[in-house]
Amino acid sequence: VSWRDNLILATDSYKFSHWKQYPPGTEYVYSYFESRGCDRGWDEVVFFGLQYFLKRYLLGPVITREKIDEAATLCSEHFTGEGLFYKEGFEYILEKHGGKLPISIKALPEGMVMPTRTALFTMVNTDPKCFWLTNYLETLLVQVWYPMTVCTNSRYQKKSIHEELAATGNEAWQIPGGSAFKLHDFGFRGVSSVESAAIGGAAHLVNFLGTDTVAALLCTKRYYHSKAAAGFSIPASEHSTITSWGVEGEVDAMKNMLVQYPQGLVACVSDSFDVFKACRDYWGSSLKDLIKGRISGDSWGRLVVRPDSGDPSDTCVQIVSILCEQFKEDVVVTKTGHELLPAYLRVIQGDGVDYESIPKILGALKDAGFAADNMVFGSGGALLQRLNRDTFKCAFKCSEITVNGVAREVFKDPITDKGKASKKGRLTVQRAADTAGAEEDKYKPRQDENGAPGGQGFLHYTANGEYVTVASGRGDLAKDLLVEVFRDGALLKDWTLDEIRQRADIPNGPFSQAG
């Protein structure tokens, strides 16, 4: 049974009643989306994912007679009483605008890394009779929090991996070296839906090249102009394909992996019974020559040993130590004095991997004298699912309304939570170096219940001082980093994954390398 999109119904129930609640004479409602901070202590966010929602849900004539009738029927069943569903409003969009949404959206370029507490996109209606539409669309567009948060989560792990690679003597930074393949997406089965897998997996591919989430490959092709698959994978075993050989047949199962896939990379789960025995007696003894033979003449290959249980730090240190001992004749010592397994052998840790455990694992390896390049990581639920809208405290707030031709600032500033104070008026996002302002123009929140609601000043500087959200319509549009990406049903900017990867890359990262 296929799911048929109806944009009118892609909203919260209470939104149906809001068209009656604005002041009489309302013509325009202007709102913005931002991260108000991070519960993990991260101070910047990668803006990514809006283009997917625009292309998937908002382009072209998305309001039809059939969809209006479907929404009217459902609302009559859902609500008590009549008059909540604004049927006339949607009929006006159908008749006046051909079913296309009369709104304008400005946003930061996707892939841009921006400090928190900065406007990321703004939205306003372009037809005064559709003032109610701006915040009606909040429910759907705030879901940008998900790919944005996954992308940032992935990037912070990229930074920690990159730092440990550098600290333990890595010298190869171009793809396929460096961090490019160091964090593999195992998350398809651990997310809430196929759509989550697609957009969350695509967000991870902004930072890395390894994935097992096939839906992400389709997403980047259809919505971000990937000409070919944006991520890569290799033959790999699971416990069923190894344990089906029985306890005594485990070594034969492992040999079968090497024989069936004699070239290129192959990964094999090795903890079905005794991971340390497997590394010492199987990989490091009886199957050693087959592994070493994967690099010979014009042939290149690599075995990736996968533990999948135990304390991640302790287990990885023990396994790398065993393998370095068993293959010591080919072990390399990096320029920092850390031991590195031969090119035909690596280890992938795919259990218990997240932004906190990766630096712990790599730190333990470094302390034990082993290079970070010995390791690859796989992450599933922690990469794509163990986060929510409050991870980056994402919010969509009205900051200006126009009533009978007169614009007025709108804001909230609850005395019970200073962190929820919102910005006022029309907004621009500018580089601080390009923005003039006196000391009294800098935003200062109210200090207590006796202070002026909304605080004082209109220059909202980022914590690092590099950017400023200029509020109250006082910004310079010529310097605005927000770009109009959508107007009246049409996409005005169409970013490619290649562009986004370069914007989001870290210094000396894989996508900023020359050649």
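A residue is called partly exposed when its relative accessible area falls between the buried limit of under 20% and the exposed limit of over 50%. In this predicted model, K393 has a relative accessible area of 36%, and is therefore partly exposed. The residue sits in the loop between α15 (381-384) and β13 (394-403). Its backbone is worth a look too: K393 is not a glycine, yet it has a positive phi of about 50°.

A second residue invites a similar description. S472 is found in the loop that links β17 (467-470) and β18, and it also is a non-glycine residue with a positive phi, here about 60°. With 26% relative accessibility, S472 counts as partly exposed. A further backbone feature occurs in the loop between α6 (145-167) and β6, where P176 is placed. The peptide bond leading from I175 to P176 is cis, with omega near 15°.

Turning to the strands, β6 (183-185) is an edge strand of an open sheet. Five strands make up this sheet, with parallel pairing and the order β6-β12-β11-β8-β7. The other edge strand is β7 (264-269), and each of the two pairs on one side only. On average, neighbouring strands of the sheet are turned by 30° against each other, direction ignored. Between β6 and β12 (residues 375-379), which run parallel, there are three bridges; D185 has S379 in β12 as its bridge partner.

Two helices accompany this sheet. Helix α14 (residues 357-367) packs on it, touching β6, β11 and β12, and its direction makes about 160° with that of β12. Helix α13 (residues 312-326) lies across β8 (301-306), β11 (345-349) and β12, running at about 170° to β11.

The edge strand β7 also contributes to the surface. L265 lies in β7 and is partly exposed, with a relative accessible area of 31%. Together with I234, I295 and W300, L265 forms a nonpolar surface patch, and the four have about 300 Å² of accessible area together.

Strand β3 (residues 103-107) offers another view, as it is mostly covered: four of its five residues are buried. Its pairing involves β5 (residues 119-125), to which β3 is joined by five bridges in an antiparallel arrangement. Here K106 has T122 in β5 as its bridge partner. Strand β3 is also joined to β18 (residues 483-487), again antiparallel, by four bridges, and S104 stands opposite R487 in β18.

Terms used: Residues numbered from 1 in each chain as written. Predicted model: local features only at pLDDT ≥ 70, side-chain atom pairs only at ≥ 80, totals over all residues. Heavy atoms only, no water. Buried < 20%, exposed > 50% of the residue type's maximum accessible area, 1.4 Å probe, protein only. Pairing = 2+ DSSP bridges. Axes fitted to C-alpha atoms, helices over the stretch in contact; angles between N-to-C directions. Contact = heavy atoms within 4.5 Å. Patch = residues over 30% accessible without salt bridge, like charges linked within 9 Å, V, L, I, M, F, W, Y side chains within 5 Å. Areas by Shrake-Rupley, 256 points an atom, 1.4 Å probe, with all protein chains shown as cover. Salt bridge = Lys/Arg side-chain N within 4 Å of Asp/Glu carboxyl O.
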